[in-house]
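Here's a quick briefing to read with the structure open beside you. Take your time and find each piece as you go.

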Amino acid sequence: MDEKLSRMKEYLEECVARCTQARTELLADDRGDEANFQAIQANIYGIFSTILNVAVEQNLGDPQGVEGFFQKKLEEIPGNWANAYQKAEERGDDVAAHLERLKLDTAEEVGRTFREIWRAEG
Amino acid sequence: MTEREAIGLFKCLADKSRLQILKSLALEDMYVERLAQRLDLTAATVSFHLKKLAQAGAVSSYKSQYYTMYALNRALFDTTILDILQEESEEADLQAQRDADYRQHVLDSFFQDGRLKSIPAQRKKERIVLQALAQQFDPQRIYPEQEVNLILSRYHDDFCTLRRDMVGEGLLERGPEGYWRTKQAE
């Protein structure tokens, strides 16, 4: 489990670092909204990084427990974003809908990567 | 264009990606994927920017076969910044009220019992006082200098300075036949 855990942590840390760097560059290039997209994504990677730490603390030596905890949060947390996305779509607020979609896509990507790493052989 | 719309437009334009999109659309109408490929942005990002540009009235869209095409709203960009600045302010009434309050404050400070306590040293304040004095003159009449002096002496002993400054400020005009109130004094 240690290797999978460190791979997952490394992935999340790299994502945060990449988004932070991209945000700085986009701001310097007068692309404020795209810089904001990066900040939003960095926050989401950061949230799941924290959740992974909590999952490990609460399930020491239990890879299935970690997986169950993390998967549960991957389903629970984006729930609010899905609702906000739905509401934004209903009122025709395409800009807000885009931001909520971005959060959902990022969470989906985290989930996909988690399953790839956690279910890999070895 | 209202002030709110102008602010929305300027905020929207203050972004490099959106400016690049507009520059592309200035060349020809384009669809999202074409803009994304041209500007090296994701289609989702281009869509986001196009929504903001559409909200600001900078672009519009239309269907063409399978595509939604985006076009520059050229009428908006024919508007000059000076046109926007010359639009009447939504705060015009408020500003007029503030100006009136300021005028009244100056008059209250310099007039006492219907007499001018002193001639203001500040030009802006003096003009307000002189404008008030100019109301004592009938716009349809020509006044001999003596009568001008008599009217102004009711307000201050230094009527010569008042008369001279009223001419200097363009509130009274002088000719061989005498003085008359100008339109500026109205």
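Which residues of helix 2 of chain A are buried? Keep that in mind while we look around; this is a predicted model, and the answer comes under the second heading.

**Chain A at a glance**
- Chain A has five helices and zero strands, so reading along the sequence gives you the pattern α-α-α-α-α.
- Of its 122 residues, 26% are buried.
- Take the contacts in chain A between residues at least 6 apart in sequence: 54% of them join residues at least 24 apart.

**Helix 2 of chain A**
- Back to the opening puzzle: the buried residues are A:Glu34, A:Ala35, A:Phe37, A:Gln38, A:Gln41, A:Ala42, A:Ile44, A:Tyr45, A:Phe48, A:Leu52, A:Ala55 and A:Val56.
- Here's a handy rule for reading such a list: an α-helix has 3.6 residues a turn, so residues three or four places apart point the same way.
- Within chain A, these buried residues pack against helix 1 (2-28), helix 3 (63-76) and helix 5. They also pack against helix 2 and helix 4 (43-55) of chain B.
- You can check the length of helix 2 of chain A too: at 1.5 Å a residue, its 27 residues should span 39 Å, and its end C-alpha atoms are indeed 39 Å apart.

**Where the chains touch**
- Chain A puts nine residues into the contact, and chain B puts in eight.
- On the chain A side, helix 2 (32-58) and helix 5 (94-118) each supply at least two residues.
- Sort that side of chain A by class and you get six charged, two polar and one nonpolar.

**Chain B and its sheet**
- Chain B has 10 helices and seven strands, and 23% of its 186 residues are buried.
- Three strands of chain B make an open sheet in the order 1-3-2, with antiparallel pairing.
- Why do strand 1 (30-31) and strand 2 (59-64) of chain B each have one side without a neighbour in the sheet? Both stand at the edges with a single partner strand, so there's nothing from the sheet on that side.
- Strand 1 of chain B is joined to strand 3 (residues 67-72) by two bridges; in one pairing, B:Tyr31 has B:Met69 of strand 3 as its bridge partner.
- Helix 2 (residues 16-27) of chain B packs on this sheet and touches strand 1, strand 2 and strand 3. The direction of that helix makes about 95° with that of strand 3 of chain B.

Technical notes. Residues numbered from 1 in each chain as written. Chains lettered and ligands numbered in written order. Predicted model: local features only at pLDDT ≥ 70, side-chain atom pairs only at ≥ 80, totals over all residues. Contact = placed C-beta atoms within 7 Å. Helix = DSSP H or I, 4+ residues; strand = E, 2+ residues; numbered from the N terminus. Nonpolar A, V, L, I, M, F, W, Y, C, P; charged D, E, K, R; others polar. Pairing = 2+ DSSP bridges. Axes fitted to C-alpha atoms, helices over the stretch in contact; angles between N-to-C directions. Expected span 1.5 Å × (residues − 1). Buried ≥ 20, exposed ≤ 12 C-beta atoms within 10 Å, placed from the backbone.
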